[in-house]
Amino acid sequence: LSWVSLVVLVFWVSDFPHSPPFFLIPAVNSTVHPVQSPQNRFCILSVAPDSLPAIATILIDVLFYSHSSPKETVSSSQDLNSITFFAFSLIEGYISIVMDAETKKKFPSDLLLTSSSGELWRMVRIGGQPLGFDECGIVAQIAEPLANADISAYYISTFNFDHALVPEEGIDHVTEVLQKRQESQR
């Protein structure tokens, strides 16, 4: 802390003795984004790096040829029946894949690694239109109420949208929790 900063802080505190300094006041995100939940069921998987050659053709097909072009932006009042979603990440040699249960059928099951329960997940898409990079707290709008309700989630942020995957059996509770959050911030 420099002398100038200390003097400014002391001056500020002496002028407003009952108010916290501005840097201690939590930022308020005024934009509450709508959430949507498509009906698809999703799988969170891993693949051993040495098995990539065995699934390379399928990966190329899924990534570049199996899906239609992006649709027009869906309005926030319209529910999504299903969406095309495939996420592949390779970080420090570890591969994670998120795909819908139908797409999973294209892959050899013995090469996809999942939890022993093989649980399926449902998606909550944050925002009715592409989100901006200048916004803060978008994931927090979902993470905080879900954590408070003891609901686990797997988050994926993409260029246009943020997504939370939640265990399939809890999707009704998730929807209820997030609707309450949205109503309380209106």
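**A walk from ring contacts to strands and salt bridges**

The charged end of Arg125 is placed over the ring of Phe161, at 4.1 Å from the centre of that ring. The model is a predicted one, and the contacts described below are to be read as features of that prediction.

From this contact between a charge and a ring one may turn to contacts between rings, of which the count comes to 2 aromatic pairs. In one of them Phe42 and Phe85 meet edge-to-face, with 6.1 Å from centre to centre and 85° between the planes. This pair links distant parts of the chain, since Phe42 belongs to strand β2 (residues 42–47) whereas Phe85 lies in the loop between α2 and β3, the two being 43 residues apart. Phe42 has a relative accessibility of 0% and therefore counts as buried, and Phe85, with a relative accessible area of 8%, is buried as well. The rings of Phe86 and Phe107 form a stacked pair, because their planes stand at 10° while their centres are 6.4 Å apart. Here too distant parts of the chain are linked, with Phe86 in strand β3 and Phe107 in the loop between α3 (101–104) and β5 (112–113), 21 residues apart. Phe86 counts as buried at 16% relative accessibility, and Phe107 is buried with a relative accessible area of 6%.

Strands β2 and β3, which hold Phe42 and Phe86, each pair with strand β4. The pairing of β2 with β4 is antiparallel and runs over 5 bridges, with Leu45 standing opposite Ile97 in β4. The pairing of β3 with β4 is likewise antiparallel, over 6 bridges, and in it Ser89 stands opposite Ser96 in β4. β3 and β4 also form a hairpin with 2 residues between them, and Glu92, in the turn, has a positive phi of about 50°. Why may strand β4 (residues 94–100) be called largely enclosed by the rest of the structure? The reason is that 5 of its 7 residues are buried, where buried means under 20% relative accessible area.

Phe64 offers a contrast with the buried rings, because its relative accessible area of 60% makes it exposed. Phe64 is placed in helix α2 (residues 52–65), and together with Ile60, Leu63 and Tyr65 it makes a nonpolar surface patch of about 480 Å².

Charged side chains supply another set of contacts, and the count of salt bridges comes to 3. In one of these, the side chains of Arg41 and Glu168 meet at 3.0 Å, N to O. This salt bridge links distant parts of the chain, for Arg41 is in the loop between β1 (35–36) and β2, and Glu168 is in the loop between β8 (162–167) and α5 (171–184), 127 residues apart. Arg41 is partly exposed, with a relative accessible area of 40%, and Glu168 counts as partly exposed at 26% relative accessibility.

Another salt bridge joins the side chains of Glu102 and Lys105, again at 3.0 Å, N to O. Glu102 counts as exposed at 53% relative accessibility, and Lys105 counts as exposed at 61%. In the salt bridge between Glu176 and Lys180 the side chains meet at 3.6 Å, N to O. Both residues lie in helix α5, 4 residues apart, which is about one turn of the helix. Glu176, at 40% relative accessibility, counts as partly exposed, whereas Lys180, at 53%, counts as exposed.

Terms used
Residues are numbered from 1 along each chain as its sequence is written. This is a predicted model: local features need pLDDT of at least 70, side-chain atom pairs count only at pLDDT 80 or more; totals for chains, interfaces and linings use all residues. Side-chain values use heavy atoms; hydrogens and water are left out. Patches are made of residues with over 30% relative accessible area and no salt bridge: like charges are joined within 9 Å, nonpolar side chains (Val, Leu, Ile, Met, Phe, Trp, Tyr) within 5 Å. Accessible areas come from the Shrake-Rupley method with a 1.4 Å probe; for residues, only the protein chains shown count as cover. A salt bridge is a side-chain nitrogen of Lys or Arg within 4 Å of a carboxyl oxygen of Asp or Glu. Buried means under 20% relative accessible area, exposed over 50%, partly exposed in between (1.4 Å probe, protein chains only). Rings of Phe, Tyr and Trp (its six-membered ring) pair if their centres lie within 6.5 Å; planes under 30 degrees apart count as stacked, over 60 as edge-to-face and the rest as tilted. A charge sits over a ring if NZ of Lys or CZ of Arg is within 6 Å of the ring centre and within 35 degrees of the ring normal. Two strands pair if DSSP finds at least two bridges between them.
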